[in-house]
Amino acid sequence: MAVNDDCKLKFLELKAKRTYRFIIFKIDEKLKQVIVEKVGEPTLSYEDFTASLPADECRYAIYDFDFVTEENCQKSKIFFIAWSPDSSRVRSKMLYASSKDRFKRELDGIQVELQATDPTEMGLDVIRGRAN
């Protein structure tokens with residue numbers, strides 16, 4: 001599975017310049033490559049991000065999570081989320097699962113990885129727990 005250059009460029013912009021709050025990627029089965037489906041502005045919330053994920057289709061996503069530590073330090077962590085809802089097609093789940101590691105290797109700087117099959121597995125409480 002190829003990775004479109006735009007995926008790497010958008011990720012670098014998020015990582016270095018904080019241009020986006022999130023990026024959602026999809027596999028284009030006709031082109032046989034991972035492409036950028038949507039980017040979220042820095043002002044958007046986590047709820048905006050989760051609402052952008054389709055309820056019955058797999059996606060990869062990057063989310064830049066800002067938080068404050070117990071020492072009152074402002075920090076951020078870059079999350080890689082493999083979204084694979086139970087209701088998605090089996091073929092799609094297999095395609096995303098088998099392409100995930102190669103795709104992740106293209107994005108240098110991921111700090112936390114999450115696998116989610118329903119919204120509760122990637123709730124804000126889960127994100128907060130994994131960030132520390």
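## A salt bridge to start with

Let's begin with Lys100, whose side chain forms a salt bridge with Glu113, with 2.7 Å between the closest N and O atoms. This pair links distant parts of the chain: Lys100 belongs to helix H3 and Glu113 to strand S6 (residues 112-116), 13 residues apart. The two partners sit in different surroundings: Lys100 is buried, with a relative accessible area of 15%, whereas Glu113 counts as partly exposed at 27% relative accessibility. Please keep in mind that the model you are looking at is predicted.

## Helix H3 and its bend

Lys100 is also the place where H3 bends, by about 45°. Helix H3 covers residues 90-106, and its 17 residues should span 24 Å at 1.5 Å a residue; the end C-alpha atoms are 25 Å apart, which agrees with that expectation.

Which residues of H3 are buried? They are Ser92, Leu95, Tyr96, Ser99, Lys100 and Phe103. Phe103 has a relative accessible area of 0% and is therefore buried, the cut-off being under 20%.

## Where H1 meets H3

Further along H3, Glu106 takes part in a salt bridge with Lys8, at 3.2 Å from N to O. Lys8 lies in helix H1 and Glu106 in helix H3, so this pair ties together parts that are 98 residues apart in sequence. Glu106 is partly exposed, with a relative accessible area of 26%, and Lys8 counts as partly exposed at 26% relative accessibility.

Lys8 has a partner within its own helix too: it forms a salt bridge with Asp5, where the closest N and O atoms are 3.7 Å apart. Both residues lie in H1, three residues apart, or about one turn of the helix. Asp5 is exposed, with a relative accessible area of 52%. Salt bridges that share partners join Asp5, Lys8, Arg102 and Glu106 into one network. In total, the structure holds 13 salt bridges. As general background, side chains of opposite charge can pair when their charged atoms come close.

## Two nonpolar cores

Now to the interior. The largest nonpolar core has 19 residues, and those with the most contacts inside it are Phe25, Val34, Tyr60, Ile62 and Phe103. At least two residues of this core come from each of helix H1 (5-17), strand S2 (22-28), strand S4 (59-68), strand S5 (74-83) and H3. Apart from it lies another core, of 18 residues, among them Phe49, Phe79, Ile127 and Ala131. In soluble globular proteins, nonpolar side chains tend to be buried together.

What does Phe103 contact, leaving aside its neighbours within four places in sequence? Its partners are Val3, Cys7, Phe25, Val34, Tyr60 and Phe80.

## Aromatic pairs

The structure holds 11 aromatic pairs. In one of them, the rings of Phe22 and Phe49 have centres 5.2 Å apart and planes at 55°, so the pair counts as tilted. Phe22 lies in strand S2 and Phe49 in helix H2 (residues 46-51), and the pair links these distant parts of the chain, 27 residues apart. Both Phe22 and Phe49 are buried.

Another pair brings us back to Phe103: its ring and that of Tyr60 have centres 5.0 Å apart and planes at 20°, so this pair is stacked. With Tyr60 in strand S4 and Phe103 in helix H3, the pair ties together parts that are 43 residues apart in sequence. Tyr60 is buried, with a relative accessible area of 1%. Ring pairs also link Phe25, Tyr60, Phe80, Tyr96 and Phe103 into a cluster.

## A buried serine in a loop

One last stop is Ser84, found in the loop between S5 and H3. Is this serine buried or exposed? Ser84 is buried, because its relative accessible area of 11% falls under the 20% cut-off. Not counting residues up to four places away in sequence, Ser84 touches Cys58, Lys93, Gln115, Ala116 and Thr117.

Notes:
Residues are numbered from 1 along each chain as its sequence is written. This is a predicted model: local features need pLDDT of at least 70, side-chain atom pairs count only at pLDDT 80 or more; totals for chains, interfaces and linings use all residues. Side-chain values use heavy atoms; hydrogens and water are left out. Helices (H or I, at least four residues) and strands (E, at least two) are DSSP runs, numbered from the N terminus. The expected span of a helix is 1.5 Å times one less than its number of residues. The bend at a residue is the angle between axes fitted to the seven residues ending there and the seven starting there. Buried means under 20% relative accessible area, exposed over 50%, partly exposed in between (1.4 Å probe, protein chains only). A nonpolar core is a set of buried Ala, Val, Leu, Ile, Met, Phe, Trp, Tyr and Cys residues joined through side-chain atoms within 4.5 Å. Contact means heavy atoms within 4.5 Å. A salt bridge is a side-chain nitrogen of Lys or Arg within 4 Å of a carboxyl oxygen of Asp or Glu. Rings of Phe, Tyr and Trp (its six-membered ring) pair if their centres lie within 6.5 Å; planes under 30 degrees apart count as stacked, over 60 as edge-to-face and the rest as tilted.
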